[in-house]
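Here are a few short exercises to work through with the viewer open. Try each one yourself before reading the solution.

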Amino acid sequence: MSHRLKDIKERIDEIVEQMNLLNLVQGNIVQREVESSWRETHSFVLTSEIVGREETKEEIIKSLVSSDNQEILSMVAIVGIGGLGKTTLAQLVYNAETVVQYFEPRIWVCVSDNFDVKSLVKKILKEVCEQDVERLELNGLKNLLHEKISEKRCLLVLDDVWNENSEEWDRLKSLLMVVGRGSKILVTTRHSKVASIMGINSPFLLQGLKDTLAWDLFSKIAFTEEPKKVHPKFVEMGKEIVNMCKGVPLVIKTLGTILRLKPEESHWLSIKNNGNLLSLGAGSDNVLSVLRLSYNDLPIYLKPCFTYCVLFPKDYEIEKNMLVQLWMAQGYIQASDVGNQYFKELLSRSLLEVAKKDVDDNISSCKMHDLIHDLAQSIVGSEVLVLEDNVEKEKILDRVYHVSFFKMSNIHWKHLKHTRTILKLDNSICRPTLKCSRVLSLSGKIPKSIGKLSHLRYLNLSYNDFKVLPNAITRLYNLQTLKLTGCVNLKEFPKDTRELINLRHLENNGCGRLSYMPCRIGELTLLESLPLFVIGTGSKVGRLSELKRLNNLRGKLRIEKLENVRDANVESEEANLGEKQYIESLELEWSYGEEAQSGEDAESVMVGLRPHRNLKELFITRYGGRVFPSWMMNGGLSCRLPNLITINLKSCSGCQILPPFVELPHLKSLKLRYLRKVEYMDYCSSGGPFFPSLEYLELEYMPKLKELWRRDLSPTHPPSFPCLLELKLTDCLELASLELHSSPLLSKLEIEDCHKLTSVQVSSLPCLKALELGEVREEVLQQLLATAFSLESLSIYNIEDLVTLPDELHQHVSTLHTLKIWACTHLATFPHWIGDLTSLNQLCINSCHQLPSLPEEFRSLRILKSLTIGNWSGLTTLPDWIGSLSSLEYLDIRECPKLTSLPEEMRSLTTLHTLGISKCPHLSERCQRENGEDWPKIAHVPDIVDWDILLCGKPIQ
């Protein structure tokens, strides 16, 4: 009893200390739902990021790609006070099409205040290779870096640089000087001195937004109505506030958000008269003081959630679900739904920014602006610590409560005895077990003392190689989240897993060798995440019926080894999937090659696995029944599962008749693969619209498919695909005709290995941009080219009866930019108009042995940037006119054994930056660096690669 009292006293002391740190006062505060102040604000956020910067963006791009300055490595800087949008502008430049095409590779590194050369080189390498570089010393890092960037025209963005030590900069620059001519470094910084130290004398000085743009941005955020409908006194105060913001977008966004949530006149006056805002001058960097207003304005329940985010380094992409789980572990919230609402509120206040969205347009991750990160850090002080490679021991204070880290070397955990969060953000080894921990990431061997961490709420064991979890974990009665993602060797859970009575998230996706679920796991009725459920064999394993009471499960559920269901009728019904209203994605999978279950039993299992009508994604793999269950058939599918967006059926080899997918109102993606007996898709018997929302359709290896739908069941007016964007047909060996009729939005069409296809019935394809055909007849190519209007990319291979390119291609001469031809063994000539393809910038000709040479008409392809020639046994020389390809940047020559030399005109290809040679023995010898006879013709090319023997004489590693 004395030990329990001691534990309780320690917990109370911790709470009191936390209250003092947050300046909390005693009161009757009850956790509540977030008020309806939140609304979608993504549109105006995007506007603020882009508005007013187009001219500056174009100037920066011009300076990066200009041929006037062809030094080996030169630098460009964007300078401005915090919050002006330097990073956003750099991102716009980085992703601009001109920059993407000009530089390879492009590398983005967030520097912040840690300008450590070794750490920066690691960050650069992580952008250009997948190799683990954490354990490499500087010399090894240098060698690998040189291997990856040598002689390549690189763009390196160094974002948010603070370093004013010229020696550190010179050390980094010296490691980068192996790059190809024309390489650039783009720097963003708040201080001109940083740019000066780096040798940048004329940086781009970023100014605030112009008055009209600043007002437009503010009014969109602060007012729920148009400004003309707002009371004049608020408009007048708003304009005064905007004038004091000095055009800084982040300040405008922040204040606009605060004022939208507080429409009282007194609040607007207090903002207008705020001393920090009044002192924000054009050259001042006093933005942080203004931003603190946004923190002061937060409700008490949001403040700890916000400051906890400082646990993640600047520019780190924070997964939303993980963040909510961490908030719950700290006691800031009691339920995931509340956490999701808090997350949205922080987004709406511009304290978090959207980083990524999933396929359903839901926000999956976020970031913090570097100034907002500074704000949070200034509030929590030393309470939160982010450790990196070069951490100094004296920085680790006695009263640190939350720690995140990238590398574990030189960390003394005895200094962190009060730490409640130990969050591992990389794959380094970590085995601390601290008594007060609520959040813990572990790798390597799990310590035996793990069961003593009674306060633990969140345990991340992901990507470990253990086979069995120790039973001691089941003594963690307060555990809410157990992460086991990517533990590929894990075979089983502890038998007492049911003891984890507070567990909400058991994340076991990627545990490919898991053989069964433990008995009585169904007692964990608080579970919200269980992405993988494996049905085992034997009497002491969890059955499918364990799912019965787990009605809080949400997100994805994958059920594997369904062939192990014993009492098919009873077990599948008891799984109670129809009551799991929060499951959005369901995967039902039978094992490959297993025949322990009859087709009839498989059908019985499927009958009982009818999901809730809220389901959005359905995947069925290796189902052995002859028919699909009644809840998928017999009409009415659109009523039973009206919200389905994605369907994927694979290897359901016994089924001949498909469900009426055509009637699903929201279905966007349909993939049917390895359905050996299906001959057609039934048309909607109710006479409703045909695939009203379908955007992607893929049919692969359906050897008996004769047509997309039965003609005798089709209505008088043939069905259309009003929303179809992409269609892929592969290995449909019996498909003789393809009826697309009205497909006004189809932009990409792939047809491969459909040998009997002779007829394509379609009125027109006005949006078709990409066409890929393989192992079909020439008439199919002709029909599709005739119905398309503005084709941009054409790839054809193994069209045996193709002798020359069809005349129907000529109508696309002004739009076609990519042409790839493979293995058309009877292609003997090109038409006389081939030189009219003046928009062509990528051309590939491979394995077309009947062609005598490159036609002279190709010399007219003035904007051609990439030319690939491969497996051309008869090619003996490149034509002299190749020097006319004045825009050529990439030339790849492969498997041309009779090609013995390069023409003198290669010297004229001044834009060529990459020349690749493979399996051309004579040519490789003549192109040897310095000594080869053809070397003077290509010495100006920055990147020359012989894929058999590198030009330095060493084999490829």
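The exercises below deal with strand pairing and backbone geometry in this predicted model.

**Exercise 1.** Work out which strands pair with β23, and in which sense.

*Solution.* Start with β22 (residues 696-700): this strand pairs with β23 (residues 726-730) in the parallel sense, over 5 bridges. Next, look at β25 (residues 748-752), which also pairs with β23 in the parallel sense over 5 bridges. Now zoom in on E726 in β23: Y696 stands opposite this residue, and in β25 the bridge partner of E726 is K748.

**Exercise 2.** Find out whether the peptide bond from E104 to P105 is cis or trans, and locate P105.

*Solution.* Check omega first: the value is near 5 degrees, and the bond is cis. Then place the proline: P105 sits in the loop between α5 (97-102) and β2 (106-112). For context, most peptide bonds are trans.

**Exercise 3.** Take A823 and E930, and classify each as buried, partly exposed or exposed.

*Solution.* Begin with the backbone. A823 isn't a glycine, yet its phi is positive, about 50 degrees. You'll find A823 in the loop between β29 (818-822) and β30 (842-846). Its relative accessible area is 26%, so A823 counts as partly exposed.

On to E930, another non-glycine with a positive phi, here about 70 degrees. E930 belongs to the loop between α24 (921-926) and α25 (935-938). The cut-off for exposed is over 50%; E930 has a relative accessible area of 59% and is therefore exposed. As background, most residues other than glycine have a negative phi.

Conventions. Residues are numbered from 1 along each chain as its sequence is written. This is a predicted model: local features need pLDDT of at least 70, side-chain atom pairs count only at pLDDT 80 or more; totals for chains, interfaces and linings use all residues. Side-chain values use heavy atoms; hydrogens and water are left out. Two strands pair if DSSP finds at least two bridges between them. Helices (H or I, at least four residues) and strands (E, at least two) are DSSP runs, numbered from the N terminus. Buried means under 20% relative accessible area, exposed over 50%, partly exposed in between (1.4 Å probe, protein chains only).
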